[in-house]
Amino acid sequence: MNTRIIDPSAGAYQYPLLIKNLLLSGRRYGTDHEIVCGDRRYGYQSLNERIARLANVLADAGIGAGDTVAVLDWDSHRYLEAYFAVPMIGAVLHHVNIRLSADQIGYTMQHAEDKLVLVHDDFLPIVEALADQLPSVEGYLQLSDEAQAAGTSLNTFGEYEALLDAAASDYDFPDFDENSVATTFYTTGTTGNPKGVFFSHRQLVLHTLNMATTLAAYEGVPLLRSEDVYMPMTPMFHVHAWGVPYVATMLGVKQVYPGRYEPNRLVRLYREEGVTFSHGVPTVLQMVLNCDEARDTDLGRWKLLTGGAAPTEGLVRQMAERGIRFYTGYGMSETCPLLSLTHLTPEQAALPTTEQIGLRMRTGLPIALVDLRVVDEEGRDVAADDVSVGEVVVRTPWLTQGYYKEPEKGAELWHGGWLRTGDVASVNSQGVLQIRDRIKDVIKTGGEWISSLLLESLISQHPAVANVAVVGVPDERWDERPLALVVPAGGRDVDSEALKRHLMQYVESGEINKWAIPEQIRVVESIPVTSVGKINKKLIREQLAARH
Ligand code: AMP
């Protein structure tokens, strides 16, 4: 097409979309809000200076454009500073998933070809044991919460705070191509090694701007505004803590970084620091709501965004009863992550809380700049009737363009210019999405498809159930049958017959078919979770298979 392309005047500035611009625009507000982590608290001017100091430390350690810098840390002010300083000098920030096994951590660090590693004292033993297998690593920088950093055999440049203190507090961050890679991290699939996704400056800036709009602009969705107080409960290694630290910094919001997640401490920080907005996967929110500190704390100020897995109705009801305003988002590692979010009209937001539960648990409306379709096996859009199901495929400016150094896997992810999510969903006439299951987790029984998520949600509504996972187990006659693992709520007895009777009410109301009721309901003490705290269905299936 012959469109008229911009012909810049001599001297015109072609503004690149770089992460540094998110920070500089944040500085403009002159906010007196603080960044808080442990005993440390400082304002945005200090944040800017500290980021410049870190950039100088990185440069002194030999890091330049195109190099990869790994971080192994809990959620901290240091991690926030690295979110900016590393990409702002043109290097790539590798968010190492500290919950992977040591072998997998080693694999991801080798694969990403990390050159410098920022490592918290708590992860020194893992990294010390791996050091021989990391030929690309030229040095380490120690992150410590103690006055005296732990002793280590690693070749370190020193301790973070001491190095920052000694570095200059200004740095002239250069312009470069907005398509330069800014961040990378690894996603664990159902088979094989973790796969590396990567995002550019342009992608992260657009994601940030869009997320800020989505979280603040709509009447019914006032999640994060300048006077809110933000505390993540999604680890900072997990998809950029869903991108919110970039948004919060751009807006000059008070930010509270809780270190290692400990539910009682999270609730104490909520109370003492005036936190108003957090996000986390459902299992983390569940732990926080049920910890001792939460029992007598008024949680009514908290706005919580959940996502990364389907929230069960039991959890959502509990949040509503505690006065928490909750929202559900949908996305994945490959999508930066945000694709869709609960969207309420002002009228819906004014309904009694219990009437909003169904609306808030849905997977939401695709946010602006997200083209999202639900398609059948031939790639045709399914009917928008909330019943027909298909696979979610998407396009937005912020999708990983492939998997690092694995073009064949990238080609499976992308199909005809659409990223295939592997999620099964339906969509209603207003375009509101409902994720039904992952394709791999749907239970195929007697020619019918049963959503494991729906069964979990229904079982979770029994008062004696604290947590539940449903998987398909092989069955000679029916192909697969659902099996439920159930964790009883504190001190209660769960009896599988009572749960079956509980499910019968949904058979009678037509929500599920009779054959969706699991014959096997096993009471367990805990349910295995993945490195990011989601129910680990792959492991559950493997454990069940091993037992047979
Ligand atoms: P990950 O890449 O580990 O963050 O996992 C992404 C996957 O989590 C998606 O493909 C979905 O299967 C699932 N997921 C994310 N958000 C939701 C949600 N709101 N409801 C149901 N499943 C979700």
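These exercises, each with a worked solution, concern a predicted model.

**Exercise 1. Classify the ring pair Phe 84 and Tyr 246, and place it in the chain.**

Solution.
- Begin with the general approach: two aromatic rings are described by the distance of their centres and the angle of their planes.
- Take the distance. The centres of Phe 84 and Tyr 246 lie 5.2 Å apart. Rings pair if their centres lie within 6.5 Å, so Phe 84 and Tyr 246 form a pair.
- Take the angle. The planes of Phe 84 and Tyr 246 meet at 75°. Over 60 degrees counts as edge-to-face, so this pair is edge-to-face.
- Locate the partners. Phe 84 belongs to helix α3 (residues 77–88) and Tyr 246 to helix α8 (residues 244–251). The pair therefore ties together parts that are 162 residues apart in sequence.
- Check burial. Phe 84 has a relative accessible area of 0% and is buried. Tyr 246 is buried too, at 0% relative accessibility.
- Widen the view. Ring pairs join Tyr 79, Tyr 83, Phe 84 and Tyr 246 into a cluster. The count of aromatic pairs comes to ten.

**Exercise 2. Are the rings of Phe 185 and Phe 199 stacked or edge-to-face?**

Solution.
- The ring centres of Phe 185 and Phe 199 are 5.8 Å apart, and the planes stand at 25°.
- Planes under 30 degrees apart count as stacked. The pair is therefore stacked.
- Phe 185 is in strand β8 (residues 181–187), and Phe 199 is in strand β9 (residues 195–200). The two residues are 14 residues apart, and the pair links distant parts of the chain.
- Phe 185 is buried at 2% relative accessibility. Phe 199 is buried at 0%.

**Exercise 3. Which arginines lie over the rings of Tyr 270 and Tyr 327?**

Solution.
- Start with Tyr 270. Arg 301 lies over its face, 4.2 Å from the ring centre.
- Go on to Tyr 327. The charged end of Arg 360 sits over this ring, at 4.8 Å from the centre.
- Follow Arg 360 further. Arg 360 is also one of the residues touched by Leu 344.

**Exercise 4. Describe the surroundings of Leu 344 and Ser 457.**

Solution.
- Place Leu 344. It lies in the loop between β15 (338–341) and α13 (346–349).
- Judge its exposure. Buried means under 20% relative accessible area. Leu 344 is at 2%, so it counts as buried.
- List its contacts. Residues up to four places away in sequence are not counted; Leu 344 then touches Gly 220, Val 221, Ala 349, Gln 356, Leu 359 and Arg 360.
- Add a distance. The C-alpha atoms of Leu 344 and Leu 485 are separated by 34 Å, with their positions 141 residues apart along the chain.
- Turn to Ser 457. It lies in helix α16 (residues 452–460).
- Ser 457 has 10% relative accessibility, so it counts as buried.
- Leaving aside neighbours within four places in sequence, Ser 457 contacts Thr 312, Glu 313 and Met 361.

**Exercise 5. What lines the second largest pocket?**

Solution.
- Give the volume. The second largest pocket holds about 590 Å³ of space.
- Find the residues at its centre. It is lined by 30 residues; the closest to the centre are Thr 283, Val 284, Met 287, Val 529 and Gly 533.
- Sort the lining by type. It divides into 16 nonpolar, nine polar and five charged residues.
- Assign elements. α9 (263–273), α10 (282–289) and β24 (465–475) each supply at least two lining residues.
- Name the main contributor. α10 gives the largest share, four residues.

Methods:
Residues numbered from 1 in each chain as written. Predicted model: local features only at pLDDT ≥ 70, side-chain atom pairs only at ≥ 80, totals over all residues. Heavy atoms only, no water. 1 Å grid on protein atoms, 1.4 Å probe; cavity = no way out; pocket = protein on both sides within 12 Å on 5 of 7 lines; lining within 4 Å. Points joined across faces, edges and corners; volume = space filled by probe spheres on them. Nonpolar A, V, L, I, M, F, W, Y, C, P; charged D, E, K, R; others polar. Buried < 20%, exposed > 50% of the residue type's maximum accessible area, 1.4 Å probe, protein only. Contact = heavy atoms within 4.5 Å. Phe/Tyr/Trp six-rings, centres within 6.5 Å; stacked < 30°, edge-to-face > 60°. Lys NZ or Arg CZ within 6 Å of the ring centre and 35° of its normal.
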